[in-house]
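Reader: I would like a close look at a single part of this protein, taken slowly and set in the context of the rest of the fold. Could you choose one strand and follow the chain outward from there?

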Amino acid sequence: MNFAPLPSVDVAAVPSDGFVLDVREADEWAAGHVEGALHIPMSDFVSRLGELTEAADDGRRVHVMCRVGGRSAQVTQYLVQQGIDAVNIDGGMLAWDGAGRPMVTDSGNSAFVL
């Protein structure tokens with residue numbers, strides 16, 4: 001079988017107003033996330049796919065994020081198979097934080113990557 005390479009981008013290539021899908025678990029999200037990101041944990045992903053397709057129905061590219069890139073790669077692969085313009089964010093939240101990109105918390109505490 002011949003698989004196309006997984007589309008991926010460096011954190012620096014994600015536009016500040018880009019659509020980010022965070023597939024980490026709730027505790028990871030609570031520690032720190034990209035402002036405005038859509039949070040659907042990978043464990044809930046298939047059952048909550050409608051939330052994503054509704055949010056991305058304008059054809060925007062979906063930038064998929066996890067902690068380091070493994071879970072998001074699986075979700076990106078699935079989305080691409082569904083015909084959605086999705087890319088994996090290389091290095092995930094660790095790379096995002098390392099690049100000094102902004103993170104927020106819902107609690108107002110200092111954001112960090114769990």
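Author: What follows is a close reading of one strand, E5, and of the elements around it. The model is a predicted one, and every value below should be taken in that light.

Strand E5 covers residues 86–89, and its side chains go two ways: Ala86 and Asn88 point to one side, Val87 and Ile89 to the other, and all of them are buried. This follows a general habit, for in a regular strand the side chains alternate between the two faces of the sheet.

On one flank, E5 pairs with strand E1, residues 8–9, in the parallel sense and over 2 bridges, and within that pairing Ser8 has Asn88 as its bridge partner. On the other flank stands strand E4, residues 62–65, which also pairs with E5 in the parallel sense, here over 3 bridges. In this pairing, Val64 is found opposite Asn88. The chain travels from E4 to E5 by way of helix H3, residues 70–81, in a β-α-β crossover that is right-handed.

Helix H3 deserves a look of its own, since the chain passes through this helix on the way from E4 to E5. H3 consists of 12 residues and reaches 17 Å from the first C-alpha to the last, which is close to the 16 Å expected at 1.5 Å a residue. Its buried residues are Ser72, Ala73, Val75, Thr76 and Leu79. Viewed down the axis of H3, these buried residues fall within an arc of 165°, and so they line one face of the helix. As a general point, an α-helix has 3.6 residues a turn, so residues three or four places apart point the same way. The buried residues of H3 pack against E4 and E5, and also against strand E2 (19–22) and helix H2 (49–55). Just after H3, Gly83 adopts a positive phi of about 85°.

Moving across the sheet, E4 also pairs with E2, again in the parallel sense, over 4 bridges, and there Asp22 has Met65 of E4 as its bridge partner. In E2, Phe19 and Leu21 point one way while Val20 and Asp22 point the other way, and all are buried. E2 pairs in turn with strand E3, residues 38–39, in the parallel sense over 2 bridges, with Leu38 of E3 as the bridge partner of Leu21. A right-handed β-α-β unit is made here too, by E2, helix H1 (residues 26–31) and E3.

These pairings can now be put together. The 5 strands form an open sheet in the order E1-E5-E4-E2-E3, with parallel pairing. E1 and E3 stand at the edges with a single partner strand each, so one side of each is left without a neighbour in the sheet.

As for the whole protein, there are 4 helices and 5 strands, and along the sequence they follow the pattern β-β-α-β-α-β-α-β-α. The radius of gyration is 13 Å, close to the 13 Å that the globule rule gives for 114 residues, so the protein is as compact as a globular protein of that length. Of the 114 residues, 41% count as buried, and among contacts between residues at least 6 apart in sequence, 63% join residues at least 24 apart.

Note on methods
Residues are numbered from 1 along each chain as its sequence is written. This is a predicted model: local features need pLDDT of at least 70, side-chain atom pairs count only at pLDDT 80 or more; totals for chains, interfaces and linings use all residues. Side-chain values use heavy atoms; hydrogens and water are left out. Buried means under 20% relative accessible area, exposed over 50%, partly exposed in between (1.4 Å probe, protein chains only). Two strands pair if DSSP finds at least two bridges between them. A crossover is right-handed if, with the strands pointing away from the viewer, the path from the first strand over the helix to the second runs clockwise. The expected span of a helix is 1.5 Å times one less than its number of residues. The arc is that of the directions from the helix axis to the C-beta atoms. Contact means heavy atoms within 4.5 Å. The radius of gyration is taken over C-alpha atoms; the globule rule is 2.2 Å times the number of residues to the power 0.38.
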